[in-house]
Amino acid sequence: MEVINEVKFIMPSLSVNESTARAVVSSFLIQADPSVEELSDIRTAVSEAVTNAVVHGYRNSKGVIEMTVRLLKGREIYIKIRDRGCGIENVEKAMEPLFTTAPEEERSGLGFSIMQSFTDSLRVRSESGKGTTVIMRKKLKSHE
C-alpha cells in the first residue's frame, strides 16, 4: 500500500465531533477530487464509525477517537477509526443488521451495514476492554 498523503486526527469522544470528523475527511479528500457522491458516501461511513465509537465504545464514559485517513496510489482511500473503549464481545454478531447494544437510545443497529454499503471493504477488530478499530477502504473512480 503506497501512501501518497495522510492525515491523523485525534478528538474527544463527544457526539459533536461526528460532524468534525466528516469535515476533516472532506477537507483532506478534496486533493483527490472525488465526485460529490463518493465524498458523500465516505462522509456517511466516517460518521457512522465515529458515532459507534462515541455511543457504543465509550458508552457513558469519555475517551479519545483516533482517525487516520490515507490517500493511496491508484485513487484508493483508507480510513481507520479507533477507540480505546469497552470493545465488542462478538464482532460477527455486532455486524448483523439491526443488532444494537443500545436499544434504550433507539439505535437502529445499522451502523456497520451502512459502513459496508458505502465502502469497498470494511474490517473490524475489537478486544473486550481494549477498544475497537474500524478500517474502511474505497476506490475512487477515474476521471477519464
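I began with the packing of helix 1 against helix 2, and I find their axes 9 Å apart and set at an angle of about 145°. I note that this is a predicted model, and that the crossing of the two helices is right-handed.

I then listed the residues in that contact: from helix 1, Asn-17, Glu-18, Ala-21, Arg-22, Ala-23, Val-25, Ser-26 and Leu-29 take part, and they meet Leu-39, Ile-42, Arg-43, Val-46, Ser-47, Val-50 and Thr-51 of helix 2. Sorted by class, the contact has 8 nonpolar, 4 polar and 3 charged residues.

Next I looked at helix 1 by itself, which covers residues 17-29, has 13 residues and reaches 18 Å from its first C-alpha to its last, close to the 18 Å expected at 1.5 Å a residue. Which residues of helix 1 are buried? I find Asn-17, Ala-21, Val-24, Val-25, Ser-26, Phe-28 and Leu-29 buried, and what covers them includes helix 2 (36-57) as well as strand 1, strand 2 (64-72) and strand 3.

From there I turned to the sheet, where 5 strands stand in the order 1-2-3-5-4, forming an open sheet with antiparallel pairing. Strand 1 (3-12) and strand 4 (121-127) are at the edges and each has a single partner strand, so one side of each is left without a neighbour in the sheet. From one strand to the next, the twist averages 10°.

Last, I checked the pairing of strand 3 (residues 76-83) with strand 5 (residues 131-139), which run antiparallel and are joined by 8 bridges; for Glu-76, I find that the bridge partner in strand 5 is Lys-139.

Methods:
Residues are numbered from 1 along each chain as its sequence is written. This is a predicted model: local features need pLDDT of at least 70, side-chain atom pairs count only at pLDDT 80 or more; totals for chains, interfaces and linings use all residues. Side-chain values use heavy atoms; hydrogens and water are left out. Two strands pair if DSSP finds at least two bridges between them. Helices (H or I, at least four residues) and strands (E, at least two) are DSSP runs, numbered from the N terminus. Axes are lines fitted to C-alpha atoms, for helices over the stretch in contact, and angles run from 0 to 180 degrees between N-to-C directions. The expected span of a helix is 1.5 Å times one less than its number of residues. Buried means under 20% relative accessible area, exposed over 50%, partly exposed in between (1.4 Å probe, protein chains only). Contact means heavy atoms within 4.5 Å. A crossing is left-handed if the near helix is turned anticlockwise from the far one by less than a right angle, and right-handed if clockwise. Ala, Val, Leu, Ile, Met, Phe, Trp, Tyr, Cys and Pro count as nonpolar, Asp, Glu, Lys and Arg as charged, and the others, Gly among them, as polar.
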